[in-house]
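Q: Could you pick out one part of this fold and take me through it closely? I'd like to hear what lies around it too, and then how the rest of the chain looks.

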Amino acid sequence: MSRSAFNFLTDDLICVIFRLLNQQSSSRFSHALVCKRWHGLACLTQTTMFNTSHNLAADADLLKTLSQFKNLASLTINGCEIDEDGEFLLGLGSVCPKLTHLDLNNPREAALTYEGMDALSTACTRLQHLSLNLLSHDGNVPPSLFSLPFLTELSLLGNFEDFPEQVGELSPLKKLTLGRPNFSELPEFVGRLTELTELRLMRCAFLANLPESFGGLSSLVKLTIRDAQDLEELPDAIGQLQSLQECFLHGELPLVELPGPFFQITSLRILELVKCDEFEWLPDAMSRLVSLESLTIESCKSFNSLPGSICSLCTLRVLIVRNCPALDDFPQRLDGLTALERLELYHLKSLTVFPDTYVLPNLQTFCFNYCNSITDVPPALFQRCSGLTSLEFGWPASSEDTQVGGDVSAIHSFMSSLCQLSSLSTLLLFGLPGVTSLPRQIRNLSQLQRLTLCSCPDLRSLTKSIWELTSLRALVVLACPAFEDENDANLRDLDSGWVDGRLLGAGKFFWTR
């Protein structure tokens, strides 16, 4: 293919084609041969090399080929073996003088050594973004790596043990990611990174302490701590992070509670606690988080109490509580959450009281399922939820100590209330014992696009009104043992625009148009 054939392409499109050809080339095929065919495309600014199985330094033509791309600013190398002495990286800096973004990921055999990292910092002095997933196994990081004058984003993934103090001098640094380190305490001098806006501590299996200097990160906006199995508490200094807006505490964190000063962070907008098995409760001080917009508590096995003070958070738009089997204290009155748009209550087997959702006028998405200890579903459940667009509702399963499952009148009241939600576009219903057919008022759901009925034990047929829903695009019936569509007169004369998808298997029925 001639070079002139590509003259009309934009930089972005050239980048896509180049990446696809690299992906399709065999593991022993030199990427330099691909580059040579287009060596005149000096406008190329970004490329990615995939799955090169040989040592990059052994490809004598590669650096010569890259030198043709005078404007190359971003380079990603995946699955390649980097030479230990840094010869390739030294050459890379000279042939790509405009390189500002470099990602080295997923080594095949050799890791990037101390010498290799030192060569990198010497050769590529214009780097602004650097991601290394090729760190050596000797636990050392050269000081020169932290002397790059323009570096704003740094990601280090590997089993390093210590940092030189020069990291505290990276004044332009905005984003820092540390993954799989061997140290047990974040160095004190990290607190000197006063311009840092994002800090991610990932898979820090040995991290047990955050220093008091942590409060010096005065510009920090986003904090993520994931899989730090030894981190039992956060320092009180975290309350000094008055610019913090997003806090994500995920995965195998042995935190029991958040420190009191944490609730002084009035700038916080998003708080997520996921898989913190020892975490038990949130205090009444939650009301101090006056800017909080989203709260997620998921898969926290010991979490048992959400305070009523949360209802004073008039800025809260998203509340998600999932897979917390011990939660038995949940506020019933939610009328203070006037801005709430999304509410998810899922797999809360100890919850016994249904919250008053009818006082949430701005609610758009509501998910309630697998909360089988609930003993009463209010009849006016959706009285003021006229803006609801997405609903997933699982009727609490009947048991010896639960009357709801067998209360057919309550279920019919629920269905009548449901049919007044004219803004619904997605509806998923689970359970519903005693319901043999959908009510004719289902026609009122004029905006409904997708309807799913699952595990409804007595459902035998659909109402003819279902086909009056002109916006409906998908209808799914799953695990409803009494339902037989061939005996349902309402399904014998389907509109010609519908495709019957009963071939999904036994007990599964699907129609779409």
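A: Before we start, one cut-off: contact means heavy atoms within 4.5 Å. Keep in mind as well that this is a predicted model.

Let's begin with helix H6, which spans residues 408-418. Its buried residues are Ile-411, Phe-414, Met-415, Ser-417 and Leu-418. Look down the axis of H6 and those buried residues fall within an arc of 160°, so they line one face of the helix. And what covers them? Strand E15 (390-394) and strand E16 (426-430) are included in that cover.

Now zoom out for a moment. The chain has six helices and 20 strands. Of its 513 residues, 51% are buried. Take the contacts between residues at least 6 apart in sequence, and 57% of them join residues at least 24 apart. As for the outside, the chain exposes about 22000 Å², with carbon and sulfur atoms supplying 47% of that.

For a strand to set beside the helix, try E9 (246-250). E9 is mostly covered, with five of its five residues buried. Glu-246, Phe-248 and His-250 point one way from the strand, while Cys-247 and Leu-249 point the other way. On the pairing side, E9 runs parallel to E8 over five bridges, and Thr-224 stands opposite Phe-248 there. E9 also pairs in the parallel sense with strand E10 (residues 270-274), again over five bridges. In that pairing, Leu-249 stands opposite Leu-273.

The loop between E8 (222-226) and E9 is worth a stop too, as Gln-229 lies in it. The cut-offs for partly exposed are 20% and 50% relative accessible area, and Gln-229 counts as partly exposed because its relative accessibility is 34%. Leaving out residues up to four places away in sequence, Gln-229 touches Cys-204, Ala-205, Glu-252 and Pro-254. With one of these, Glu-252, there's a side-chain to side-chain polar contact at 3.3 Å. Leu-255 is another residue to check from here: 26 residues separate Gln-229 and Leu-255 in sequence, and their C-alpha atoms are 9.3 Å apart in space.

So, back to where we began: on H6, the buried residues line one face, and the cover over them includes E15 and E16.

Terms used. Residues are numbered from 1 along each chain as its sequence is written. This is a predicted model: local features need pLDDT of at least 70, side-chain atom pairs count only at pLDDT 80 or more; totals for chains, interfaces and linings use all residues. Side-chain values use heavy atoms; hydrogens and water are left out. Buried means under 20% relative accessible area, exposed over 50%, partly exposed in between (1.4 Å probe, protein chains only). Helices (H or I, at least four residues) and strands (E, at least two) are DSSP runs, numbered from the N terminus. The arc is that of the directions from the helix axis to the C-beta atoms. A polar contact is a pair of N or O atoms within 3.5 Å; within protein, one must be able to donate a hydrogen and the other to accept it, and residues adjacent in sequence count only if both atoms are side-chain atoms. Accessible areas come from the Shrake-Rupley method with a 1.4 Å probe; for residues, only the protein chains shown count as cover. Two strands pair if DSSP finds at least two bridges between them.
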